[in-house]
Amino acid sequence: MSSSEPSIFREQALKNYLQRRDQGILLRLISPPAFACLWILLIFVLVMGMLAWLVRVPMSVSGQGLITEPGQDAQQLTAVVFVPLNQRTRLHSGDPATLQLGSNGITLRGTVKQVESGAIGPDEARTRFHLQGPLTQVILTPSVAVMVQIEPTPTAHTYIGSYCVTSVQTGTQSVLSLVPGLNHILPS
């Protein structure tokens, strides 16, 4: 008697079954379309991070002041701007400035001509720069006086004595440095 009985399975089917059983099992945690979407999302986040690292935004110092009488050149107006004492080290001659006059929306451009080395108190500022009326409220604490030379305009003489809010651009910084916590880690 023979010990081998005929099998009900084909020989090729048995070989395929044994080969698949011997192969390792791949565990599929995520479907292929979701896997591709996650890679695209990762690439997008990396590209946005690089852009945020490279894009620079301006840093500025703000102050209040007034436009004074022109000096030797009747077309060149000068603004005296009072900035907080702790911002003095950030200001340098030649920094660009933007002056917003009063509430009527007139904007003038200029450059920092001089940054005084010492602090100026409210009383000294009132007497030295002849501040009168509502302009006496421009300086209330010890500040630094900054002279801003305003670019010439056809109607320059009409702005003399006007109150202005000034923003002086002192440099640029990375967008990432604006994120809380990263501003101490990243160089500006």
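Is Phe 129 buried or exposed? Select this residue to begin the tour of the model, which is a predicted one. Phe 129 has a relative accessible area of 13% and is buried; the threshold for that class is under 20%.

**The barrel**

Display the strands as a cartoon. Six of them form a closed barrel in the order 1-2-5-4-3-6, and their pairing is antiparallel. From one strand to the next, the twist averages 40°.

Select strand 3, residues 96-101, together with strand 4. These two strands are joined by six bridges in the antiparallel sense. For a single position within this pairing, pick Gln 100, whose bridge partner in strand 4 is Thr 107.

**Val 81 and its surroundings**

Move next to strand 2, where Val 81 is located. Val 81 has a relative accessibility of 1% and therefore counts as buried. Show the residues in contact with Val 81, leaving aside those up to four places away in sequence. Among them are Gly 63, Gln 64 and Gly 65, as well as Val 144, Ala 145, Val 146 and Val 148. Thr 166 is also touched by Val 81.

Now add Val 165 to the selection and draw a C-alpha to C-alpha distance to Val 81. The two residues are separated by 84 residues in sequence, and their C-alpha atoms lie 8.1 Å apart in space.

**Aromatic pairs**

How many aromatic pairs does the structure hold? There are two. A pair of aromatic rings is described by the distance of the centres and the angle of the planes.

Select Phe 35 and Trp 39 for one of these pairs. The ring centres are 6.3 Å apart and the planes stand at 80°, so the arrangement is edge-to-face. Both residues belong to helix 2, residues 32-54, where a spacing of four residues places about one helical turn between them. Phe 35 is partly exposed, at 45% relative accessibility. Trp 39 is likewise partly exposed, with a relative accessible area of 47%.

Return to Phe 129 and add Phe 82, with which Phe 129 forms an edge-to-face pair. Here the centre-to-centre distance is 5.7 Å and the angle between the planes is 70°. Phe 82 sits in strand 2 (residues 78-84), whereas Phe 129 sits in the loop between helix 3 and strand 5 (143-150). The pair thus links distant parts of the chain, 47 residues apart. Phe 82 is buried, with a relative accessible area of 5%, and Phe 129 is buried at 13%.

**Salt bridges**

The last stop concerns charged side chains. Two salt bridges are found in a search of the whole structure.

Select Glu 116 and Arg 128, whose side chains form a salt bridge with an N to O distance of 2.4 Å. Glu 116 is in the loop between strand 4 (106-115) and helix 3 (122-128), and Arg 128 is in helix 3, so this salt bridge ties together parts that are 12 residues apart in sequence. Glu 116 counts as buried, at 12% relative accessibility, whereas Arg 128 counts as partly exposed, at 39%.

Then select Arg 126 and Asp 123, where a salt bridge spans 3.2 Å from N to O. What separates Arg 126 and Asp 123 in helix 3? They are three residues apart, which means a separation of about one helical turn. Arg 126 is partly exposed, at 23% relative accessibility, while Asp 123 is exposed, with a relative accessible area of 57%.

Technical notes:
Residues numbered from 1 in each chain as written. Heavy atoms only, no water. Salt bridge = Lys/Arg side-chain N within 4 Å of Asp/Glu carboxyl O. Buried < 20%, exposed > 50% of the residue type's maximum accessible area, 1.4 Å probe, protein only. Pairing = 2+ DSSP bridges. Axes fitted to C-alpha atoms, helices over the stretch in contact; angles between N-to-C directions. Phe/Tyr/Trp six-rings, centres within 6.5 Å; stacked < 30°, edge-to-face > 60°. Contact = heavy atoms within 4.5 Å.
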